[in-house]
Amino acid sequence: MIVAKTIAEVRQQVREWKAEGLVVGLVPTMGYLHEGHASLVDKAVSMCDRVVASDFVNPTQFGPGEDLEAYPRDFERDCKLLEEHGCNMVFYPSVDEMYPDGNGSQDTYVEILNDMPKGLCGKTRPTHFRGVCTVVSKLFNIVTPDKAFFGQKDAQQLAIIKRMVRDMSYGIEIIGCPIVREDDGLAKSSRNTYLSAEERTAALVLSRSVRLGQQMVADGEKSTAKVVAAMVEMIEAEPLAKIDYVQAVNNFDMSPAENFEGSVLVAMAVYVGKTRLLDNFIIEA
Ligand code: AMP
């Protein structure tokens with residue numbers, strides 16, 4: 001596996017692959033990789049001739065007081081996992097390589113101006129999706145992939161990236177990949193490493209509430225308010241959990257959904273101790 005630390009190295013290698021007519025896939029990540037990330041790489045390997053993963057903790061998607069400095073990092077372990085899963089190149093840039101102004105920022109941003117980035121995670125993280133869209137745009141311009149792979153775990157991010165690609169005519173196919181979970185149901189996340197043993201047990205309330213919601217819909221419940229209320233009640237019964245949001249929205253534009261009609265995303269962010277965890281499910285009716 002090639003380890004590229006500069007934009008120039010990535011461009012040169014991708015140019016060679018494209019000259020051979022090879023299909024290139026991109027898996028953007030912030031590192032500290034787990035089986036969730038690996039599933040994206042596996043999917044990319046199955047659909048592409050060459051796979052590039054990026055491993056970059058992007059400062060512009062963290063707000064003031066968030067966990068940018070504390071975010072876990074282990075590049076050696078990441079390389080091992082990526083290589084084992086058939087990744088061909090990892091792009092591991094410095095902050096200055098990505099943001100050459102030297103302050104982890106820049107003057108040009110890519111931002112969706114409709115309501116998609118304002119609700120759900122955007123409510124408490126108002127600049128988050130601007131940072132995500134900007135870094136993903138940069139990665140698209142650097143790697144010029146044919147396909148890019150994102151996890152359903154970050155469902156709002158996936159919907160926003162799809163909209164950005166459409167609006168900006170990127171011509172890149174966006175592939176969404178299902179949530180990978182621990183055996184006991186907890187959605188895999190780099191941030192799970194922050195949880196104490198007690199919090200790790202309490203965190204199971206997220207996936208339990210997902211299963212409750214799914215079961216209610218399977219039993220015929222059509223009202224999103226009733227499903228969300230039952231999930232909220234379950235989560236609130238866990239003393240270590242504090243809800244940021246539990247909401248049902250249209251899965252394409254993130255507008256509120258009253259009934260389970262069309263594609264509905266039921267998404268949550270819940271603090272367990274100081275750690276903010278995400279989970280969700282989608283109902284296609
Ligand atoms: P991150 O490193 O957290 O920015 O995540 C990089 C990519 O991996 C994103 O597209 C995430 O949605 C995806 N991802 C993270 N955790 C999971 C998971 N448990 N299952 C599937 N995809 C995931």
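**Exercise 1.** In this predicted model, find which strands helix 6 (residues 128-143) lies across, and how the helix runs relative to strand 2.

*Solution.* Start at helix 6 and look at the strands beneath: the helix lies across strand 2, strand 3, strand 4, strand 5 and strand 6. Then compare directions: helix 6 runs at about 150 degrees to strand 2.

**Exercise 2.** Work out in what order the six strands form the sheet, and which strands are at its edges.

*Solution.* Trace the pairing, which is parallel, and you get an open sheet in the order 1-4-3-2-5-6. Strand 1 (2-4) and strand 6 (173-177) each pair on one side only, and these are the edge strands. From one strand to the next, the twist averages 25 degrees. Now zoom in on one edge: strand 1 pairs with strand 4 (residues 89-91) over three bridges, in the parallel sense. Within this pair, alanine 4 has phenylalanine 91 as its bridge partner. Finally, add helix 2 (residues 35-47), which packs on the sheet and touches strand 2 (24-29), strand 3 (50-55), strand 5 (147-151) and strand 6. The direction of helix 2 makes about 155 degrees with that of strand 5.

**Exercise 3.** Describe how the protein surrounds the ligand, and name the element that gives the most to the shell.

*Solution.* Begin with the count: 17 residues surround the ligand. Next, take the polar contacts, each with an oxygen atom of the ligand. The side chain of aspartate 154 places an N or O atom at 2.6 Å, the side chain of histidine 37 does so at 2.9 Å, and a polar backbone atom of glycine 151 is at 2.9 Å. Of the 490 Å² that the ligand exposes when taken alone, the protein buries 93%. Lastly, sort the shell by element: helix 2 gives the most, with three residues.

Methods. Residues numbered from 1 in each chain as written. Predicted model: local features only at pLDDT ≥ 70, side-chain atom pairs only at ≥ 80, totals over all residues. Heavy atoms only, no water. Pairing = 2+ DSSP bridges. Helix = DSSP H or I, 4+ residues; strand = E, 2+ residues; numbered from the N terminus. Axes fitted to C-alpha atoms, helices over the stretch in contact; angles between N-to-C directions. Contact = heavy atoms within 4.5 Å. Near = heavy atom within 4 Å. Polar contact = N/O pair within 3.5 Å; in protein donor to acceptor, adjacent residues only side chain to side chain. Areas by Shrake-Rupley, 256 points an atom, 1.4 Å probe, with all protein chains shown as cover.
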